[in-house]
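Here are some exercises to work through with the structure open beside you. Try each task on your own, then read the solution step by step.

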Amino acid sequence: DYEDISNSAEIEQEIEQENDDCNTESAGEPTECENEVGAQAQEAAIQIANSGVVGATYEDVSNSAEIEQEIEQENEDCTDAGCFNFVGAQAQLSEIAIINEGTSAGASYEDITNSARVEQEIEQQNKDCENAGCFNEVGAQAQEAAIAIANVGGSSNSEASYEDVENSAKIEQEIEQANECEEALCANEIGVQEQLAGITII
């Protein structure tokens, strides 16, 4: 039997880039503040499995899995400066599987929580830009993600019992670009954003 079980798994890939106080240099030459990521690639898989014998019971079991890929770029206090945030490509291939399986008939599931999340995010910001050129650019963002959550009672799962079982699955792909500009030239550009996602809950 399985009681008061907590399984948690997290895979995270993150890049943070920041330039502060981007102002004209003492010699009078304009300052250029650049954050650049050529490519960020992530291939990740998480599997959580609670597999029991004939008639196994599961009570108060919590399964949590998260895969995250993130890029944050920021230029702050840009005065008489050129501020650039650039991401060439961000690619993610992720898979999460959560399985609660009694190997035969008679499996029992009570107070089970299954939570799975896949997230891919790019944040670009130019803040407090005055008399400046501020640019955010993403060449390509691609995500292929799959989540499978299964509560099965073996070959004869019609005889399995389920009570207070909660399943949650989320796949998210996001790009945020922001410029706070005063007397400035500001531009945001995204070349391609592509997502292939699938969620299966049984």
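**Exercise 1: Around isoleucine 98**

Not counting neighbours up to four places away in sequence, isoleucine 98 is in contact with Ile48, Asn63, Ala65, Asn114, Ser115, Ala116, Ala148, Ile149 and Ala150. Keep in mind that you're looking at a predicted model.

Task: Find the residues that touch the most other members of the largest nonpolar core, and say which elements give two or more residues to this core.

Solution:
- Step 1. Start with the core, which holds 13 residues. Those that touch the most other members are Ile46, Ala65, Ile96, Ile98, Ala116, Val118 and Ile147.
- Step 2. Now go to the elements: strand E2 (31-52), E3, strand E4 (81-102), E5 and strand E6 (133-152) each give two or more residues to this core.
- Step 3. Apart from this core there's another one, of eight residues, including Cys78, Ala81, Cys129 and Ala132.

**Exercise 2: The chain as a whole**

Task: Describe the pattern of elements along the protein chain, and say how much confidence the predictor has in the chain.

Solution:
- Step 1. Count the elements: there are zero helices and eight strands. Read along the sequence, that gives β-β-β-β-β-β-β-β.
- Step 2. Look at the contacts with a separation of 6 or more: 83% of them join residues 24 or more positions apart.
- Step 3. Turn to burial: of the 202 residues in the chain, 37% are buried.
- Step 4. Check the confidence: the chain has a mean pLDDT of 84, with 89% of its residues at 70 or more. Among the elements, E6 has the highest mean pLDDT (89) and strand E8 (residues 185-201) the lowest (86).
- Step 5. Bear in mind that predicted coordinates should not be read in detail where pLDDT is low.

**Exercise 3: Alanine 65 and glutamate 95**

Task: Is alanine 65 buried or exposed, and how does glutamate 95 count?

Solution:
- Step 1. Place alanine 65 first: this residue sits in strand E3.
- Step 2. Alanine 65 counts as buried because its relative accessibility is 3%, and buried means under 20%.
- Step 3. List what alanine 65 touches beyond four places in sequence: Ala9, Ile46, Ile48, Ile96, Ile98, Ser115, Ala116 and Arg117.
- Step 4. Check a distance: alanine 65 and alanine 169 are 104 residues apart along the chain, and their C-alpha atoms are separated by 9.6 Å.
- Step 5. Move to glutamate 95, in strand E4. Glutamate 95 has 48% relative accessibility, so this residue counts as partly exposed.
- Step 6. Beyond four places in sequence, glutamate 95 is in contact with Ala44, Ala45, Ile46, Ile67 and Ala146. From glutamate 95 to arginine 117 is 22 residues in sequence and 9.9 Å in space, C-alpha to C-alpha.

**Exercise 4: Two aspartates with positive phi**

Task: Work out what is notable about phi in aspartate 60 and in aspartate 164.

Solution:
- Step 1. Recall the background: most residues other than glycine have a negative phi.
- Step 2. Aspartate 60, found in strand E3, has a positive phi near 55 degrees although this residue isn't glycine.
- Step 3. Aspartate 164 is in strand E7 (residues 161-182). Its phi is positive too, at about 55 degrees.
- Step 4. Now accessibility: aspartate 60 is at 31%, so this residue counts as partly exposed. Aspartate 164 counts as exposed because its relative accessibility is 52%.

**Exercise 5: The largest pocket**

Task: Which residues line the largest pocket, and how do they divide into nonpolar, polar and charged?

Solution:
- Step 1. Find the lining: Glu16, Gln17, Glu18, Glu72, Gln73, Glu74, Glu123, Gln124, Gln125 and Glu176.
- Step 2. Sort these residues by type: six are charged, four are polar and none is nonpolar.
- Step 3. Match the lining to elements: strand E1 (2-22), strand E3 (57-79) and strand E5 (108-130) each supply at least two residues.
- Step 4. Finish with the volume: the largest pocket holds about 170 Å³ of space.

**Exercise 6: Glutamine 193**

Task: Which residues does glutamine 193 touch, leaving out those up to four places away in sequence?

Solution:
- Step 1. Go to strand E8, where glutamine 193 is found.
- Step 2. Glutamine 193 touches Gln141, Gln173, Glu174 and Ile175.
- Step 3. Glutamine 193 and alanine 140 are 53 residues apart in sequence, with 5.8 Å between their C-alpha atoms.
- Step 4. With a relative accessible area of 44%, glutamine 193 is partly exposed.

Key. Residues are numbered from 1 along each chain as its sequence is written. This is a predicted model: local features need pLDDT of at least 70, side-chain atom pairs count only at pLDDT 80 or more; totals for chains, interfaces and linings use all residues. Side-chain values use heavy atoms; hydrogens and water are left out. On a 1 Å grid over the protein atoms alone, a cavity is a set of points where a 1.4 Å probe fits but cannot get out, and a pocket is an open set with protein on both sides within 12 Å along at least five of seven lines; lining residues have an atom within 4 Å of a point. Grid points are joined across faces, edges and corners, and a volume is the space filled by probe spheres set on the points. Helices (H or I, at least four residues) and strands (E, at least two) are DSSP runs, numbered from the N terminus. Ala, Val, Leu, Ile, Met, Phe, Trp, Tyr, Cys and Pro count as nonpolar, Asp, Glu, Lys and Arg as charged, and the others, Gly among them, as polar. A nonpolar core is a set of buried Ala, Val, Leu, Ile, Met, Phe, Trp, Tyr and Cys residues joined through side-chain atoms within 4.5 Å. Buried means under 20% relative accessible area, exposed over 50%, partly exposed in between (1.4 Å probe, protein chains only). Contact means heavy atoms within 4.5 Å. pLDDT is the predictor's confidence in each residue, from 0 to 100.
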